[in-house]
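Open the model in your viewer and keep the selection tool at hand. We will walk through it one stop at a time.

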Amino acid sequence: MGLGEAPPSGRKRSVSAIEVAPARYALYARYPELRTTLPRLALGTGPSPVVPLTRLSEKLGGPQLWVKNDGLYGSVYGGNKARKLELIIADALRRGRRTIITVGATGTNHGLATALYGREHGLRTVLLLVEQPVTDRVRRQVWRLHKAGAVLYRARTVPRAAALAPLVMVRHADWRRARLPYFLPAGGSSPLGAVGFVNAALELADQVAAGELPEPAHIFVALGSAGTAAGLLLGLRLAGLRSRLEPVLVSDLTPLSSKKVAGLANRTARLLRQRGAPLPRGEIAPEEVTVLSDWLGDGYGHSTLAGSRAEDLLRETEGLELEGVYTAKTMSALVGLVEAGELREGPVLYWHTYNALPLPFGTPTEEDLRRLPRAFRDLALRNMEMGDVGAGLALPRAPARGAPTSGGNLRVAATGGRRNRRTAREQGAAWTGGAPWRGT
Ligand SMILES: Cc1ncc(COP(=O)(O)O)c(C=O)c1O
């Protein structure tokens with residue numbers, strides 16, 4: 001960690017502490033003026049590792065494949081969210097806000113990251129949650145959101161969440177200080193959040209320049225609320241990399257298109273210019289990016305056969321754990337296009353966006369779920385006997401009286417080898433292969 005860089009976690013920091021510019025942040029190295037005009041609160045330490053996927057490349061007989069593992073970016077929760085929140089939490093603190101209100105689906109990774117990192121910095125998180133198919137992962141996530149101290153509202157649909165948002169803003173206003181909560185769009189995909197991925201692309205360019213990996217011809221990344229893809233699109237262009245971004249559509253909760261990705265990239269560029277960064281003139285045209293929309297299946301949160309196959313393939317070849325909502329679908333696009341012979345030209349980089357750090361709070365028992373607030377208790381217990389996909393009871397019963405409350409007793413009741421491996425991951429063994437996936 002460089003001189004003056006805020007430590008990644010642990011203590012609450014004052015606003016003045018975040019104005020001390022970190023020494024190692026690619027965006028600041030490139031545009032030093034942003035150190036003071038666009039403060040960042042370090043939640044992770046870059047660069048995230050880049051690793052060749054040699055066994056997968058061999059198995060597919062395709063081009064050279066690589067991964068950039070943002071799953072390890074963060075301190076208490078990894079993945080793409082920490083990169084956005086570094087800018088967003090700094091902004092909320094600078095504006096004197098004490099509450100962040102944001103939107104997500106019931107299994108939201110963004111909501112959990114916001115609640116965990118917000119809490120570390122004295123911010124309360126209020127979440128408006130819309131429905132998604134209830135899987136074991138979703139049940140556990142709702143419980144984690146609750147444990148992380150988030151205030152939860154169940155809005156069911158996106159239009160309802162939009163209608164509810166102003167009421168919730170007023171309800172959680174800080175009347176004594178005459179301040180509304182900080183409103184953060186779904187997925188943290190404001191221009192400020194996208195700046196985190198402008199930095200990430202510059203970070204990748206530094207890794208290419210240092211010879212850690214060859215310049216990718218293609219970069220595959222999940223497209224959920226567009227902040228990650230938009231930031232990368234802009235950052236790749238600023239870095240002078242010729243890599244073609246391949247955003248894989250994983251959500252139909254709100255309409256997403258190349259126009260939307262390019263639009264957010266342009267708004268992000270405007271923000272950087274406003275804050276004093278001398279960005280070249282010109283706009284990114286929607287034609288410069290093509291959204292890959294054939295891998296979504298029945299919709300957000302619905303698993304696909306191609307996704308499950310990609311999950312198995314990555315686990316077997318590389319020991320890399322994917323999840324069904326974002327990363328498996330993204331990888332299914334990459335694998336599908338390699339197999340169809342449409343990606344002969346490499347190298348191809350897969351940008352991993354899901355947490356690979358030990359998950360907080362362990363695994364809930366059925367009793368734990370029964371103690372959730374009523375609206376979420378009903379949701380978490382729904383179809384529980386059917387497990388994820390009718391695969392048997394998925395969650396453990398409460399430990400017997402007197403039994404230890406952590407460790408083996410709280411493991412998910414296994415219904416098969418695959419579920420066993422998932423359990424290990426949920427308990428912290430996020431990466432199981434020999435590759436240097438795990439953080440130190
Ligand atoms: C694991 C994971 N990957 C990818 C994404 C998509 O990123 P974005 O919303 O910036 O498009 C999300 C968003 O929630 C996510 O949780």
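The tour below goes from the whole chain to its strands, then to some helices, and ends at the ligand.

**Stop 1: the whole chain**

Start with everything shown as a cartoon, and keep in mind that this is a predicted model. The chain holds 16 helices and 9 strands. Of its 440 residues, 51% are buried. Now think about contacts between residues with a separation of 6 or more: 75% of these join residues 24 or more positions apart.

**Stop 2: strand β2**

Select residues 65-69, which form strand β2. Are the residues of β2 buried or exposed? The count is 5 of 5 buried, so β2 is largely enclosed by the rest of the structure. Show the side chains and look at each face in turn. L65, V67 and N69 cover one side, W66 and K68 the other, and all of them are buried.

Next, add residues 50-52, strand β1. The pairing of β1 with β2 is antiparallel and has 3 bridges. To find one of these bridges, pick V51, whose partner in β2 is V67.

**Stop 3: strand β9**

Keep β2 in view and select residues 348-352, strand β9. Here β2 has a parallel pairing, made over 5 bridges. V67, which you have just met as the partner of V51, stands opposite Y350 in β9. Another pair to highlight is W66 with L349 of β9.

How many residues of β9 are buried? Here too it is 5 of 5, so β9 is largely enclosed by the rest of the structure. V348, Y350 and H352 lie on one side and L349 and W351 on the other, with every one of them buried.

Now bring in β7, residues 218-223. β7 runs parallel to β9, and 3 bridges join them. Click on F220 to see a link between them: its bridge partner in β9 is Y350.

**Stop 4: helix α13**

Select residues 327-339 for helix α13. Its 13 residues reach 18 Å from the first C-alpha to the last, close to the 18 Å expected at 1.5 Å a residue. Because 11 of those 13 residues are buried, α13 is largely enclosed by the rest of the structure. Among the buried ones are M331, L334, V335, L337 and V338, along with K329.

What do the buried residues of α13 pack against? Colour α4 (54-60), β7, β8, α12 (305-318) and β9 to see these partners. Then step just past the end of the helix to G341, which has a positive phi of about 75°.

From G341, look across to G61, in the loop between α4 and β2. These two glycines are 280 residues apart along the chain, yet 9.9 Å separates their C-alpha atoms. G61 counts as exposed because it has 8 C-beta neighbours inside 10 Å, and the cut-off for exposed is 12 or fewer.

**Stop 5: helix α11**

Move to residues 258-274, helix α11. You can check its span with the distance tool: 17 residues at 1.5 Å a residue should span 24 Å, and the end C-alpha atoms are indeed 24 Å apart, so the two agree. Its buried residues include V261, L264, A265, T268 and L272. They pack against α9 (191-209), α10 and β8 (244-249). Just after α11 you will find G276, with a positive phi of about 105°.

**Stop 6: around the ligand**

Finish by centring the view on the ligand. Which residues come nearest to the ligand? Of the 17 around it, they are G187, G224, S225, T228 and T353. Sorted by class, this shell has 6 nonpolar and 11 polar residues, with no charged ones.

Colour the chain by domain next. Domain 1 (1-78 + 196-262 + 272-440) and domain 2 (82-188) each give at least three residues to the shell. At least two residues apiece come from α6 (109-120), β7 and α10 (227-239). With 3 residues, α10 gives the most. You have already met α10 as one of the elements that the buried residues of α11 pack against, while β7 is the strand joined to β9 by 3 bridges.

Note on methods
Residues are numbered from 1 along each chain as its sequence is written. This is a predicted model: local features need pLDDT of at least 70, side-chain atom pairs count only at pLDDT 80 or more; totals for chains, interfaces and linings use all residues. A residue is buried if 20 or more other C-beta atoms lie within 10 Å of its own, exposed if 12 or fewer, and partly exposed in between; C-beta atoms are placed from the backbone. Helices (H or I, at least four residues) and strands (E, at least two) are DSSP runs, numbered from the N terminus. Two strands pair if DSSP finds at least two bridges between them. A residue is near a molecule or strand if its C-beta atom, placed from the backbone, lies within 6 Å of it. Ala, Val, Leu, Ile, Met, Phe, Trp, Tyr, Cys and Pro count as nonpolar, Asp, Glu, Lys and Arg as charged, and the others, Gly among them, as polar. Domain bounds come from an automatic or database domain assignment. Two residues are in contact if their C-beta atoms, placed from the backbone, lie within 7 Å. The expected span of a helix is 1.5 Å times one less than its number of residues.
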